[in-house]
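User: I'd like a close look at one loop residue in this model, plus whatever helps me place it in the rest of the chain. Here's what I have open.

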Amino acid sequence: MNEADTIASPVPLIDPALCNGCGLCMRVCPTGALTIVEGKAIVTHSAACEYHGYCERACPTQAITRPFEITFTPTKDV
Ligand code: SF4
């Protein structure tokens with residue numbers, strides 16, 4: 001197993017305090033990763049999420065954010 005096998009794929013973060021349950025994110029998601037449950041959006045199919053960002057752009061309340069992690073890889077001496 002290499003390091004890439006141990007890193008979980010990221011999914012969008014949804015702030016339930018900002019989500020109004022409008023469902024726009026669910027409608028624009030091309031992979032069906034989101035569901036509205038009890039009036040709030042949640043990522044129910046995290047493996048399906050391809051991190052497109054359509055949900056983040058569609059959300060009228062800015063409830064969705066996509067965190068990114070920046071890593072630096074050492075280069076070989078030249
Ligand atoms: S688009 Fe935003 S406000 Fe609407 S259901 Fe999705 S997360 Fe909630």
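Does Tyr51 count as buried, partly exposed or exposed, and how many C-beta neighbours does it have inside 10 Å?

Analyst: Quick ground rules before we zoom in. This is a predicted model, where local features need pLDDT of at least 70 and side-chain atom pairs count only at pLDDT 80 or more, while totals for chains, interfaces and linings use all residues. Residues are numbered from 1 along each chain as its sequence is written.

Now to your residue: Tyr51 counts as partly exposed because it has 15 C-beta neighbours inside 10 Å. On that scale, 20 or more other C-beta atoms within 10 Å makes a residue buried, 12 or fewer makes it exposed, and partly exposed is in between, with C-beta atoms placed from the backbone. Tyr51 sits in the loop between strand E3 (40-43) and helix H3 (54-58). Those labels are DSSP runs numbered from the N terminus: helices are H or I with at least four residues, strands are E with at least two. The backbone is worth a look too, as Tyr51 is not a glycine and still has a positive phi of about 60°. Most residues other than glycine have a negative phi.

Gln62 also has a positive phi, near 55°, and is a residue other than glycine. You'll find Gln62 in the loop between H3 and strand E4 (64-65). Gln62 is exposed, because just 9 other C-beta atoms lie within 10 Å.

For another loop, try Gly23, between strand E1 (13-14) and helix H2 (24-28). Gly23 is partly exposed, with 14 other C-beta atoms within 10 Å. Gly23 and Ala41 are 18 residues apart in sequence, and their C-alpha atoms are 7.1 Å apart. Ala41 also turns up by the ligand: 14 residues surround it, and Cys19, Cys22, Cys25, Ala41 and Cys59 come nearest. A residue is near a molecule if its C-beta atom, placed from the backbone, lies within 6 Å of it.

Stepping back, the protein chain has three helices and four strands, in the order α-β-α-β-β-α-β along the sequence. Buried residues make up 15% of its 78 residues.

How far can you trust it? The mean pLDDT (the predictor's confidence in each residue, from 0 to 100) is 90 for the protein chain, and 90% of its residues reach 70 or more. Go easy on residues 1-5, though, where pLDDT stays under 50. Where pLDDT is low, the predicted coordinates should not be read in detail.

How values were computed
Two residues are in contact if their C-beta atoms, placed from the backbone, lie within 7 Å.
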